[in-house]
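This report describes the strand arrangement, the nonpolar core and selected residue environments of one protein chain. The sequence and the model are shown first.

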Amino acid sequence: TADIFLMPGTTPWAADWKASHTYPQDNGISAHLGPNKQVTAGIWGVNGTYAGTNANIHTSKTAAGADDNDGVIEVGEATKGTYNKFFVYSGGTFKNYGGCVNISQAIDMRGAAPTFKMEV
């Protein structure tokens, strides 16, 4: 299986989740990211099921993950069963799309949770 790393871009995004959706709220997600949070790396959104044969997705620039890269992986309730394909490192964000809109979309990660690697 291949690996995809969410590399930094040249123009940061202000990380205002409520501005990018039809619904005028974000359930506090933007505030949780802190003041002036800028997303400079890639945002990987999964619409529907993510096949177990697809690439592993990393919020970092390398598998070592010690770069505080701020890549974002966004999933929803339909992603189901392959959350273990996602690797979130210090600086990265793993978020539920359903947390940004007026709908309830619980995500169930039992048996296939993402890997979180945080620097201390």
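## Asp-70 and its surroundings

In this predicted model, Asp-70 has a relative accessible area of 9% and is therefore buried, the cut-off being under 20%. Asp-70 is located in the loop that runs between strand S5 (56-58) and S6. The C-alpha atom of Asp-70 lies 4.3 Å from that of Gly-92, although 22 residues separate the two along the chain.

## The three-stranded sheet

An open sheet is built from 3 strands, arranged in the order S4-S6-S8 with parallel pairing. Strand S4 (43-45) and strand S8 (93-96) occupy the edges; each has a single partner strand, so one side of each lacks a neighbour in the sheet. On average, and with direction ignored, neighbouring strands here are turned by 15 degrees against each other.

S4 and S6 run parallel and are joined by 3 bridges. Within this arrangement, Gly-45 stands opposite Glu-74 in S6.

## The four-stranded sheet

A further open sheet has 4 strands in the order S1-S5-S7-S9, with parallel pairing. Its edge strands are strand S1 (3-5) and strand S9 (115-117), each of which pairs on one side only. The average turn between neighbouring strands of this sheet is 20 degrees, direction ignored.

Between S7 and S9, which run parallel, there are 3 bridges. Tyr-89 has Lys-117 in S9 as its bridge partner.

## The nonpolar core

In soluble globular proteins, nonpolar side chains tend to be buried together. The largest nonpolar core of this model comprises 11 residues: Leu-6, Val-46, Tyr-50, Ala-55, Ile-57, Ile-73, Val-75, Tyr-83, Phe-86, Val-88 and Phe-94. S6 and S7 each contribute at least two residues to this core.

One member of the core is Val-46. Leaving aside residues up to four places away in sequence, Val-46 touches Glu-74, Val-75, Gly-76, Thr-79 and Phe-86.

## Aromatic pairs

The model contains 5 aromatic pairs. In one of them, the rings of Phe-86 and Phe-94 have centres 6.2 Å apart and planes at 45 degrees, so this pair is tilted. Phe-86 is buried, at a relative accessible area of 0%. Phe-94 also counts as buried, at 18% relative accessibility.

Phe-94 has a further ring partner in Phe-116: the centres are 6.0 Å apart and the planes stand at 90 degrees, so the pair is edge-to-face. This pair links distant parts of the chain, with Phe-94 in strand S8 and Phe-116 in strand S9, 22 residues apart. Phe-116 counts as partly exposed because its relative accessibility is 46%, between the limits of 20% and 50%. Through ring pairs, Tyr-50, Tyr-83, Phe-86, Phe-94 and Phe-116 are linked into a cluster.

## Thr-82 and Tyr-50

Thr-82 is found in the loop between strand S6 (72-75) and strand S7 (86-89). With a relative accessible area of 10%, Thr-82 is buried.

Which residues does Thr-82 touch, not counting residues up to four places away in sequence? They are Tyr-50, Ala-51, Gly-52 and Ala-112. A polar atom of the Thr-82 side chain lies 2.4 Å from the backbone oxygen of Tyr-50. Tyr-50 belongs to the 11-residue nonpolar core and to the aromatic cluster.

Conventions:
Residues are numbered from 1 along each chain as its sequence is written. This is a predicted model: local features need pLDDT of at least 70, side-chain atom pairs count only at pLDDT 80 or more; totals for chains, interfaces and linings use all residues. Side-chain values use heavy atoms; hydrogens and water are left out. Buried means under 20% relative accessible area, exposed over 50%, partly exposed in between (1.4 Å probe, protein chains only). A polar contact is a pair of N or O atoms within 3.5 Å; within protein, one must be able to donate a hydrogen and the other to accept it, and residues adjacent in sequence count only if both atoms are side-chain atoms. Contact means heavy atoms within 4.5 Å. Two strands pair if DSSP finds at least two bridges between them. Axes are lines fitted to C-alpha atoms, for helices over the stretch in contact, and angles run from 0 to 180 degrees between N-to-C directions. A nonpolar core is a set of buried Ala, Val, Leu, Ile, Met, Phe, Trp, Tyr and Cys residues joined through side-chain atoms within 4.5 Å. Rings of Phe, Tyr and Trp (its six-membered ring) pair if their centres lie within 6.5 Å; planes under 30 degrees apart count as stacked, over 60 as edge-to-face and the rest as tilted.
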